[in-house]
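Me: I'm new to reading protein structures and I'd like to learn on a real case. Can you walk me through one, feature by feature?

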Amino acid sequence: MNATMLVGLLLLFAVIGLIGYVIGLYNTLVRLANNIRKAWSNIDVVLKQRHHELPKLVEVCNSYMAHERDTLEAVTKARMAYDRGASIDDKAKAENQLAGALGRLLAVAEGYPDLKANQEFLHIQQRISVLESTIADRREFFNESVNLYNIKVAQCPSVLIANQFGYTPHALLEVLKTEREHVQLAFANRPSRT
Amino acid sequence: MKCPQCQAKLIEVPTMEGPQLDVCPNAHGLWLDPAEINLFVEDYRSLTAEVGQSATPTGSPLAPCPRCARPMEHHPVGDTTVMLCAACHGWWLAQGTLTQLNCRHSGVGAPIQLDEPAFYSRASRKAAASPQAAAPGLGRRPGDAGSAGIWVWALIGVMAFMIGGILLWSGIRQYLPGAQWVRRPDDMFFYQVGGVVGGVGLFGYGFVLNRKKRLIESIPTSPIRALAVGLVKVAGAAQPIEGLLEAPFSRTPCVLYSCHVEERQGSGKHQRWVTTAKGVSEQPFSIQDQTGAVMVVPFDAELVMRVDRSYRTNWLGSLPANAEAGLTRLGVSTSSWSLNNPMRCSESYILPGEVIYVLGTAQDNPLGHASFDNATRLYLGSSRDEPFIISDRSEQELLSQLGWKTKATLYGGPALTVACWYAILKFYLVTGP
């Protein structure tokens with residue numbers, strides 16, 4: 001075998017190998033990006049399930065908590081804001097507001113023993129609790145998907161492919177500072193009941 | 001949402017007292033939802049009355065709404081202009097417009113006083129700190145800026161491929177015309193031709209393994225409670241659903257087993273191990289983590305498990321008693337054995353409580369009752385287009401194994417091709433004097 005033949009053969013293998021490697025990297029970026037979209041959509045599915053429970057919750061609470069109109073309306077308004085949201089960011093903003101309103105409602109409901117003994121209320125509360133646990137898990141999963149994507153986009157040599165095709169880092173789901181403040185205020189401002 | 005002027009993605013900037021506002025990172029303006037305008041303008045009613053009476057000047061360009069992309073209407077208000085979307089009723093206010101509106105429609109005081117210069121200053125600082133603030137979003141499509149670079153690299157790749165092909169062809173043309181057979185093709189010649197072709201095949205198989213490795217790396221491990229339909233990866237303890245199984249040879253209680261029986265056939269240097277029987281249990285089991293449990297149907301799964309027990313025939317040609325009993329249970333006949341047919345049997349199993357790793361497709365369980373628990377209504381199984389792996393090794397071990405196999409095939413394949421080709425040309429074809 002002469003040197004020309006050897007060089008040609010090795011060059012062919014190297015070029016095919018490099019092209020295959022680049023295609024593999026690009027396909028991985030595509031998969032990671034779509035995993036993020038899917039993870040968010042899966043959160044949205046469970047959020048919708050929770051939202052379907054909210055009118056029933058408000059209706060049950062209404063008959064016992066007639067004087068807590070503002071708290072009940074906040075939940076309804078936040079739910080409507082979520083339904084109107086057009087983008088992921090809009091929905092995330094509305095969801096944060098809804099989580100705060102729902103937390104305040106359930107905290108206030110603690111002061112109504114008759115309501116707490118109502119079977120339908122207990123059933124809905126349990127259902128919402130299970131759904132919220134699922135939402136929390138799916139949020140973690142979403143963040144893990146984003147983390148894998150961000151690592152891939154930043155690592156070498158995939159960063160070269162990512163820059164070429166416009167793949168940029170994605171933001172993680174974070175709890176807003178206002179949401180943390182709402183939780184604290186809900187407990188601090190809850191009226192004492194005898 | 002995008003700025004109607006520069007199409008940059010709007011960023012959210014919190015106000016000191018109220019909701020977050022969507023602002024252009026290049027300080028072109030801000031977006032107010034219909035429920036927000038009354039929080040920032042002192043006399044909201046007189047403003048809406050004036051806007052309702054004004055009309056879009058003819059000939060003015062219609063900017064797209066940041067929320068719904070429909071053309072917005074321009075409404076002159078005093079010395080400034082506001083843009084309204086007739087569909088979603090939101091407001092787009094250019095920088096400085098909100099201050100002018102409050103001057104023109106002043107009242108007892110807006111619920112939220114917005115200092116526009118300070119607000120836009122905060123927005124520009126946030127935009128500078130965020131790498132994606134002005135980016136169009138997750139994953140641009142090809143065809144945007146940067147695609148020119150792709151074509152350059154593709155051209156370089158094609159040229160390199162052509163150069164390699166030309167070099168190879170010219171080398172062959174240089175070598176073959178003067179080449180003569182030194183000896184007639186024999187078995188070794190055909191093995192070496194097989195090596196040339198096999199090396200190319202191994203090289204291609206390396207990409208298949210690499211794709212599988214990347215797939216496993218790109219899917220995060222999901223808590224079972226958060227499972228959704230589609231390809232998922234879970235890790236947890238295996239538990240039986242309908243009682244324990246017994247491994248065929250050792251009779252160890254387990255939730256899943258696989259077994260392999262091989263016989264050495266042929267003579268002299270043509271001896272090889274031939275698989276005469278194999279089996280995998282198909283009884284569903286469940287995998288459980290801290291958040292819940294889900295059923296796994298192991299049909300058609302690729303099992304990557306350590307060999308837990310293995311048995312070989314001794315110098316007398318007989319297997320241990322439990323191995324023979326296991327073969328009988330498997331339906332493998334032992335009556336035609338001879339001393340010249342050594343056998344080996346191996347089994348792998350998953351014990352109850354053993355931590356396993358499953359990559360499979362979560363699908364609706366037709367037998368699952370409607371319940372709150374998402375994991376109850378799903379099961380993990382095989383699907384036509386996606387891999388299905390059950391392993392008693394950790395993900396790291398699995399990836400490590402795939403990693404070295406990938407390297408071996410991607411480098412070993414070309415090496416095998418070059419070596420066999422060299423051997424053919426050296427020992428069977430030589431150039432003339």
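Reply: Sure, let's begin with a loop: A:Pro157 sits in the one between H5 and H6 of chain A. Keep in mind that this is a predicted model. The peptide bond joining A:Cys156 to A:Pro157 is cis, with omega at about 0°.

Me: And how do I read the two helices on either side of that loop? At what angle do the axes of H5 and H6 of chain A cross?

Reply: Look at how close the axes come and at the angle between them. For helix H5 (residues 119–154) and helix H6 (residues 158–165) of chain A, the axes come within 6 Å and cross at roughly 95°. Angles of 65 to 115 degrees count as roughly perpendicular, so that is the word for H5(A) and H6(A).

Me: Which residues of H5(A) and H6(A) meet there?

Reply: From H5(A) you have A:Lys152, A:Val153 and A:Ala154, and they meet A:Ser158, A:Val159 and A:Ala162 of H6(A). By type, this contact has 4 nonpolar residues, 1 polar and 1 charged.

Me: What does chain A as a whole look like in terms of helices and strands?

Reply: Chain A has 7 helices and 0 strands. Of its 194 residues, 30% count as buried. You can also ask how far apart in sequence the touching residues are: among contacts in chain A between residues at least 6 apart, 75% join residues at least 24 apart.

Me: Now the two chains together. How many residues of chain B are in contact with chain A?

Reply: One general idea before the count: interface size is often given as the accessible area lost when the parts come together. Here we count residues instead: 51 of chain B are in contact with 46 of chain A. On the chain B side, helix H5 (147–175), helix H6 (187–218) and helix H8 (395–427) each supply at least two residues. The largest share, 15 residues, comes from H5(B). Sorted by type, the side of chain B that touches chain A has 27 nonpolar, 17 polar and 7 charged residues.

Me: How do H6(B) and H8(B) lie: roughly parallel or roughly antiparallel?

Reply: Use the angle again. The axes of H6(B) and H8(B) come within 7 Å and cross at roughly 155°. Over 145 degrees counts as roughly antiparallel, so H6(B) is roughly antiparallel to H8(B). The crossing is left-handed, and the residues in this contact divide into 18 nonpolar, 12 polar and 5 charged.

Me: Can a single helix have a buried side too? Which residues of H7(B) are buried?

Reply: Check where the buried residues point around the axis. In helix H7 (residues 321–330) of chain B, the buried ones are B:Ala323, B:Gly326 and B:Leu327. They cover an arc of only 100° around the axis, so they lie on the same side of H7(B). The face turned away from that buried side carries the exposed residues B:Ala321 and B:Thr328. What covers the buried residues includes strands E11 (256–265), E16 (309–312) and E17 (343–350) of chain B. Just after H7(B) comes B:Gly331, with a positive phi of about 85°.

Me: Positive phi, okay. What is the phi of B:Asp300, and where is B:Asp300 found?

Reply: B:Asp300 isn't a glycine, yet its phi is positive, near 70°. Look for it in the loop between strand E14 (292–296) and strand E15 (302–304) of chain B. To judge its surroundings, count neighbours: with 13 C-beta neighbours inside 10 Å, B:Asp300 counts as partly exposed.

Methods: Residues are numbered from 1 along each chain as its sequence is written. Chains are lettered from A and ligands numbered from 1 in the order in which they are written. This is a predicted model: local features need pLDDT of at least 70, side-chain atom pairs count only at pLDDT 80 or more; totals for chains, interfaces and linings use all residues. Axes are lines fitted to C-alpha atoms, for helices over the stretch in contact, and angles run from 0 to 180 degrees between N-to-C directions. Helices (H or I, at least four residues) and strands (E, at least two) are DSSP runs, numbered from the N terminus. Angles under 35 degrees count as roughly parallel, over 145 as roughly antiparallel, 65 to 115 as roughly perpendicular and the rest as oblique. Two residues are in contact if their C-beta atoms, placed from the backbone, lie within 7 Å. Ala, Val, Leu, Ile, Met, Phe, Trp, Tyr, Cys and Pro count as nonpolar, Asp, Glu, Lys and Arg as charged, and the others, Gly among them, as polar. A residue is buried if 20 or more other C-beta atoms lie within 10 Å of its own, exposed if 12 or fewer, and partly exposed in between; C-beta atoms are placed from the backbone. The arc is that of the directions from the helix axis to the C-beta atoms. A crossing is left-handed if the near helix is turned anticlockwise from the far one by less than a right angle, and right-handed if clockwise.
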